Amino acid sequence: MVLIRVLGSFAAEVGGEPVPLGGPRQRGVLALLVAARGQVVPVDRMAEDLWRGEPPSRALASLQAYVSNLRRLLEPGRPPRTPARLLMSAAPGYALRLPAEAVDAWRFEELLDQARTLADPRDARARLDEALALWRGPAFAEVADEPWAAAEVARLHELRLVARELHVAAGLRLGDPAAVVPAAEGLTRDEPLREEGWRLHALALWNSGRQADALAALRRARATLADELGLDPGPDLVALEEAILTQRTDVLRAAVPAPVSAPAPPRQPPPTFVGRERELATLVTAAGEAATDGARIALVTGEAGLGKSTLLDHLSTRLEQDGWLVTTGRCSEVDSAPPAWAWVEALRTVAANVAPGEFADDLAPLLADVPPVDGDAAAGRFRLRQAVWNWLAAVGAGRPVAVVLDDLHWADATTLELLAGVVGVRAPILVVAAYRADEGERLTDTLASLARTAPLRIDLPGLDGGRSARDPVDRDDGQPERLEQPDHPVEMGLVGHRPGQDGLGGGDLDGHALAHGLHGLPGRRGEVPGDAELVARQHGCSFPWVGRPAVPVTCPNRRVLGSPPAGEVSAPGGPAAESPGPRAARGSRR
């Protein structure tokens, strides 16, 4: 194994043993070939460079002798008269054919390139540690004064500075600012005219709780640039100084990416649960539809203790294994919880994987606890909702996204308003919301809004009983039954309804189907299809739930088309009358 070192003292090893490389010009031949990075160096150029433009008449013979000696040193076991494998003849000159790991400068560049492509700062810093450890002094120190070496020396010096800057940045991303302050300060000392070093130094100080020192560093940078170059600091330094002075933590946190936690232990699968394989398969199918056709919504309902959260855990594990970015938020039952807490949890998980970029300012109320600066509250909420879904759509362009919202029955108004923003999104996003149907009165408007997307509805019945009317029903093609293919009389009357106009919007009730459907409703809450109960309640219908086979239902707020059974459905003004607007057609997915 051959190893050639040029990052510091010039040296070579063969099989772990140092090799004497000979006199200055013979060493210069090898150094010149290393600087060419595997490219062919013409003989004429080698002679000009080695003798500084005045090669002697016997320069070619001397050059051939140097090459022959180097071949014997680098390949001591090569039989006589066999072609060289490392220092090869290649018209019109010579080339060094070695793997990257055989030359420290080449290996350094390879590690730096790898570090630049790694998203995990732990891995990036490990590569940079290895790369920077290869340096034992200035590059090509022995021949640094030679004109032919100047360009390569400057190039490697620049790459070393870049590696040092990336190493400091990786430390900041890992949440270890105090440890990188000395390294960042070293950058400003070694290269005082390089603004990136000052920026990283100030960020490291600010992130260590030393904002006064951070401002002092930025002022020194300003003075240095003015004295040496007569220039003001660039926009990055100006913006950083302004952010510290105005306490714009959102800008500062965007400049210092969120720390990455230590590797989590292998995730244990959720506890085994029985009887939910069908529901899990249905949700996985919906995820596949979202990945290919655009955003899909799934609503999981059930009483407390029936396994909603466990089902969501299993789904999350499955989707993560399939390459999805899965993020979860849980609504808090505590009244003092911040607004939209479920979205705060969910979106900060996304931000740890993908920076919000151009959406950072609008997302600051959720990601950085920064109140909106605009005094128009309604406009601020609109921009926030737009930013959330535009950002998730942008993230989905790289990998599909699953947003899981649990305990939605405890959601506040801001959480529900943000959830409603999914309507109309065209991106590979799956939204799964779980709630207790018997505690979801505050969800009425939001669920009505989501109804236009024909959400998948899964109701979890007790495992010791039969399935309820809202369970997915297999079609002939093996896919779960959706709202667009209803088989319940009340659902037949609701297809085509969309939230918005006239309380529920675009379509009118098919009164005949609704009337007969309500007449035959079961006497137990939970057996009525969720969207049917929702729309009926939106139209003012009341459900006494007295446990009788046929439940009297009154709808005081809207007349219903069709002829309901006598005495079972009543509307103001006596018998049912025609209401304006077209009859609802069977809906299609939007």
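**Exercise 1. Find where Q247 lies in the chain and state which elements flank the loop that holds it.**

Solution. Step 1: Q247 sits in the loop between α10 and α11, the latter being residues 249-255. The model is a predicted one.
Step 2: α10 spans residues 235-245, and Q247 follows this helix.
Step 3: Q247 has a positive phi of about 60 degrees, although Q247 is not a glycine.

**Exercise 2. Decide whether Q247 is buried, partly exposed or exposed.**

Solution. Step 1: The relative accessibility of Q247 is 46%.
Step 2: Buried requires under 20% and exposed requires over 50%, with partly exposed in between.
Step 3: Q247 therefore counts as partly exposed.
Step 4: As for its surroundings, Q247 and Q211 are 36 residues apart in sequence, and their C-alpha atoms are 9.9 Å apart in space.

**Exercise 3. Sort residues of α10 into buried and exposed, and say how the buried ones are placed around the axis.**

Solution. Step 1: The buried residues in α10 are L237, L240, E241, A243 and I244.
Step 2: These residues cover an arc of only 160 degrees around the axis, so they lie on the same side of α10.
Step 3: A general rule helps here: an α-helix has 3.6 residues a turn, so residues three or four places apart point the same way.
Step 4: P235 and L245 are exposed, on the other side of α10.

**Exercise 4. Describe how α9 packs against α10.**

Solution. Step 1: Two packed helices are described by the angle between their axes and the distance between the axes.
Step 2: For α9 and α10 the angle is about 150 degrees, and the axes are 10 Å apart.
Step 3: Angles over 145 degrees count as roughly antiparallel, and α9 and α10 are therefore roughly antiparallel to each other.
Step 4: Their crossing is left-handed.
Step 5: On the α9 side the contact is made by Q211, A214, L215, L218, R219, A221 and R222, and on the α10 side by L237, V238, L240, E241, I244 and L245.
Step 6: By class, the residues of this contact divide into 9 nonpolar, 1 polar and 3 charged.

**Exercise 5. Describe the packing of α8 and α9 in the same terms.**

Solution. Step 1: α8 is residues 195-207 and α9 is residues 211-229.
Step 2: Their axes come within 7 Å and cross at roughly 165 degrees.
Step 3: α8 and α9 are therefore roughly antiparallel to each other.
Step 4: The crossing of α8 and α9 is right-handed.
Step 5: α8 contributes E195, W198, H201, A202, L205 and W206 to the contact, while residues from α9 include Q211, A214, L218 and A221.
Step 6: The contact of α8 with α9 has 9 nonpolar, 3 polar and 3 charged residues.

**Exercise 6. Which backbone features are found at F140 and at the bond between A91 and P92?**

Solution. Step 1: Phi of F140 is near 50 degrees, a positive value in a residue other than glycine.
Step 2: F140 belongs to the loop between α5 (121-133) and α6 (147-173).
Step 3: With a relative accessible area of 4%, F140 is buried.
Step 4: A91 and P92 are joined by a cis peptide bond, with omega about 5 degrees.
Step 5: P92 is in the loop between β5 (87-90) and β6 (93-96).

**Exercise 7. Summarise the whole chain: how many helices and strands does it have?**

Solution. Step 1: There are 21 helices and 13 strands in the chain.
Step 2: The chain has 590 residues, of which 47% count as buried.
Step 3: Of the contacts between residues at least 6 apart in sequence, 66% join residues at least 24 apart.

Definitions and conventions:
Residues numbered from 1 in each chain as written. Predicted model: local features only at pLDDT ≥ 70, side-chain atom pairs only at ≥ 80, totals over all residues. Heavy atoms only, no water. Buried < 20%, exposed > 50% of the residue type's maximum accessible area, 1.4 Å probe, protein only. Helix = DSSP H or I, 4+ residues; strand = E, 2+ residues; numbered from the N terminus. Arc of directions from axis to C-beta. Axes fitted to C-alpha atoms, helices over the stretch in contact; angles between N-to-C directions. Parallel < 35°, antiparallel > 145°, perpendicular 65-115°, else oblique. Left-handed = near helix turned anticlockwise from the far one by under 90°. Contact = heavy atoms within 4.5 Å. Nonpolar A, V, L, I, M, F, W, Y, C, P; charged D, E, K, R; others polar.
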